[in-house]
Amino acid sequence: MKKLIRYSVLGICFLVLVSFSFHSYQVQKYDYDDFETPGYCNQCHDLFYQQWDQALMSDAYNHHWDEIEYFELAVAHSENDPDMAGVHEGCNGCHTPMAYLAGDMPPPDPKTGPRANESVSCDVCHSIKGFTGDVPFNHNYIIEPGKTKFSSRKGKTSSPNHEIDTTAFYTQAEFCGICHNEKSPFGVWVKSTHLELKEGPYYEEGVVCQDCHMPEAPAKTAKMGARYNDAKMHLFNGAHDPGKIRGTVEIRMTPDRQELVPGEPVVLTVTLYNQKTGHKFPTGSVEDRIVWLHVEATDEKGNVYHIPVDPKGFEGEEYTIAGEELAYQDMGVPLGIENFEGLRREMVPLGDRIFRMPYFDPQGRMTMMQWNTDSLGVDYRIGPRETKVETYTFELPYEIAPGTLTFRAVMKYRLLLKSVGQYLEVPEEEYQAMLVNEQETTVTVYP
Ligand code: HEC
Ligand code: HEC
Ligand code: HEC
Ligand code: HEC
Ligand code: HEC
């Protein structure tokens, strides 16, 4: 047994070493000065600059929650746990590639205004020529900063400041997969947005990330340039845009009968259709995100009854029904708290259905530190064009008021678990509940 433990520990160390050193050949290859600033591109590409500036792409290093997770958890974890040494370096490969390429890690405090704050900048993306290997993941880009900017379009006018080299790579989902697929040091896919798209119905129809996140519209691509009908808007709006979240899932709720008397049960069938995303919902930072459905009944007198979801009995279902359990104990290591008891696994009404995929640390406890993820639990997210069905059984209480009984289903979304947000003092806007969709239907209660 001891031997087995020793071998598994060795195995893990090996995995960790292999993954951390995987792309480090790029480190210190370039300096910040090899890249132009976004402000420089703004002189001519003003529309794209303004769009990019509104998106999270321009704040991927200095955005408050990123800053907190990076310094308080990832960097601290590297320092407090020898097995995790260097784990924070990989973060920069995607969040602030210039700092990563310059070997400036950890980069300076965002408050001092370093160039690392440029995050995923214009010149970073437009210097990417391709990726190494067969699958894009863990920032395996081939990058070549310089006078030549890569793009899918050559353009009708020429730029006074740079050359343009065209490559179809910019029109492909794989371009995005370089940073939107991530494998943990334990070899687990902790981000798989591109892989989800590839497995879903859109990819073979030729629909890619750019179609939904960089839509085509009539505009000039540069101030002094030509007007195109299909200029690629640099919106990159995702989970931080309440408008993008809204309507992702359509809700229809149907009761099994329309006339009831107190004491009788009614079964509501709720169909949830994902009409909007090309990947699963939620995707990306799945360890942080939470989507849940709340169903309640309100009688004629205004009394409200919460209805918990009917369990289906699949393996791992306990992680998809809101409870009072504690989780995230592994946060104690970077935070320097011995025997950390953990935080509430979710803070949503008990019995509500949760659409998520739990991540587990090497000890099998639920984690929100994706770099410490050794295995994944049940995937109960809503796939692209998938329809999930939930049932809710409600036995009418004898004291219920006769008249109209209104059922209401509401789907909500949080970017970050509330317990974690509160504990780490992340600004509240990061874990505020956003509305995905809602629906109401009524039945009649006879005395
Ligand atoms: C060099 C790495 C990199 C590449 C390439 C990249 N992204 Fe990103 N992207 C990021 C990072 C890092 C974030 C997260 C910012 C944050 O939350 O700190 C992000 C955020 C986003 C968001 C916003 C998510 C939100 O929560 O609001 C969208 C949408 C997005 N990317 C789409 C794309 C698309 C589409 C492509 C391909 C055209 C792409 N990305 C290519 C690194 C990259
Ligand atoms: C002095 C003005 C100027 C600056 C500065 C500038 N560009 Fe351009 N760029 C242009 C013009 C003009 C075109 C051609 C536009 C057209 O197609 O009519 C162009 C074209 C492009 C294209 C090809 C697509 C197209 O629209 O033709 C890309 C990609 C691009 N620029 C990226 C960048 C990036 C990234 C930066 C900053 C590192 C930058 N440019 C800085 C003027 C500029
Ligand atoms: C058919 C349209 C569509 C396609 C294709 C698509 N997306 Fe999205 N994406 C959405 C919508 C709608 C949302 C908002 C709902 C959500 O958060 O999932 C979104 C959200 C996101 C988010 C934020 C997710 C979160 O929950 O934190 C990221 C990141 C993202 N997309 C990246 C990508 C990348 C990368 C690709 C390609 C591999 C892609 N998207 C393809 C429609 C699309
Ligand atoms: C996350 C990577 C990413 C970032 C950041 C980014 N771009 Fe792009 N850009 C792309 C991709 C991908 C395309 C091509 C999309 C396509 O062909 O579907 C593109 C296209 C362009 C084009 C040509 C548009 C057209 O319609 O042909 C210009 C010009 C451009 N980008 C300039 C910029 C400038 C300026 C910035 C910064 C303000 C910037 N880009 C930031 C990925 C990026
Ligand atoms: C392979 C690229 C990649 C690596 C490596 C990576 N990230 Fe990210 N990260 C992303 C992308 C892309 C997103 C956006 C996903 C989404 O919107 O759901 C993101 C999102 C986040 C978010 C959520 C931001 C928000 O506003 O909700 C945090 C925090 C974060 N990353 C921190 C880290 C830390 C810390 C590390 C290193 C331990 C790390 N990331 C490693 C690509 C990466």
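Which residue in β20 stands opposite Ala-297? Phe-407 does. I will come back to that pair.

First, the ground rules. This is a predicted model, where local features need pLDDT of at least 70 and side-chain atom pairs count only at pLDDT 80 or more, while totals for chains, interfaces and linings use all residues. Residues are numbered from 1 along each chain as its sequence is written, and chains are lettered from A and ligands numbered from 1 in the order in which they are written.

Now the layout. The protein chain splits into domain 1 (2-232) and domain 2 (242-445); the bounds come from an automatic or database domain assignment. Their C-alpha centres lie 31 Å apart. The contact takes 28 residues from domain 1 and 27 residues from domain 2. Contact here means C-beta atoms, placed from the backbone, within 7 Å. On the domain 1 side, α4 gives the most, nine residues. Helices are DSSP runs of H or I, at least four residues, and strands are runs of E, at least two, numbered from the N terminus. By class, that side has 17 nonpolar, seven polar and four charged residues. Nonpolar covers Ala, Val, Leu, Ile, Met, Phe, Trp, Tyr, Cys and Pro; charged covers Asp, Glu, Lys and Arg; the others, Gly among them, are polar.

Next, the ligands. A residue counts as near if its C-beta atom, placed from the backbone, lies within 6 Å. Ligand 1 has 24 residues around it, and Cys-176, Cys-179, Cys-209, Gly-238 and His-240 come nearest. Two or more residues come from each of α5 (87-95), α7 (122-125), α8 (173-180) and α10 (209-213). The largest share is from α8, with five residues. The shell holds 16 nonpolar, seven polar and one charged residue.

Ligand 5 has 26 residues around it; nearest are Glu-69, Cys-91, Cys-94, Glu-182 and Gly-284. Here α5 gives the largest share, seven residues. The class split is 11 nonpolar, 11 polar and four charged. Domain 1 and domain 2 each supply at least three residues to this shell.

So what about α5 itself: buried or exposed? Nine of its nine residues are buried. Buried means 20 or more other C-beta atoms within 10 Å of the residue's own; exposed means 12 or fewer, and partly exposed is in between, with C-beta atoms placed from the backbone.

On to the core. The largest nonpolar core has 92 residues, and Val-291 and Trp-292 have the most contacts inside it. Such a core is a set of buried Ala, Val, Leu, Ile, Met, Phe, Trp, Tyr and Cys residues joined through C-beta atoms within 7 Å. Strand β12 (residues 290-298) gives the most, six residues. Both domains contribute to this core, so it lies between them. Trp-292 touches residues including Ala-322, Val-348, Ile-354 and Phe-355, leaving out those up to four places away in sequence.

Last, β12 and its partners. Seven of the nine residues of β12 are buried, so the rest of the structure largely encloses it. Strands pair if DSSP finds at least two bridges between them. With β20 (residues 403-414), β12 runs antiparallel over nine bridges; that is where Ala-297 stands opposite Phe-407. With β16 (residues 353-355), three antiparallel bridges form, and Leu-293 partners Arg-353. With β13 (residues 304-306), there are three more bridges, again antiparallel. β12 and β13 form a hairpin with five residues between them, and Gly-302 in the turn has a positive phi of about 90 degrees.

Key:
Two residues are in contact if their C-beta atoms, placed from the backbone, lie within 7 Å.
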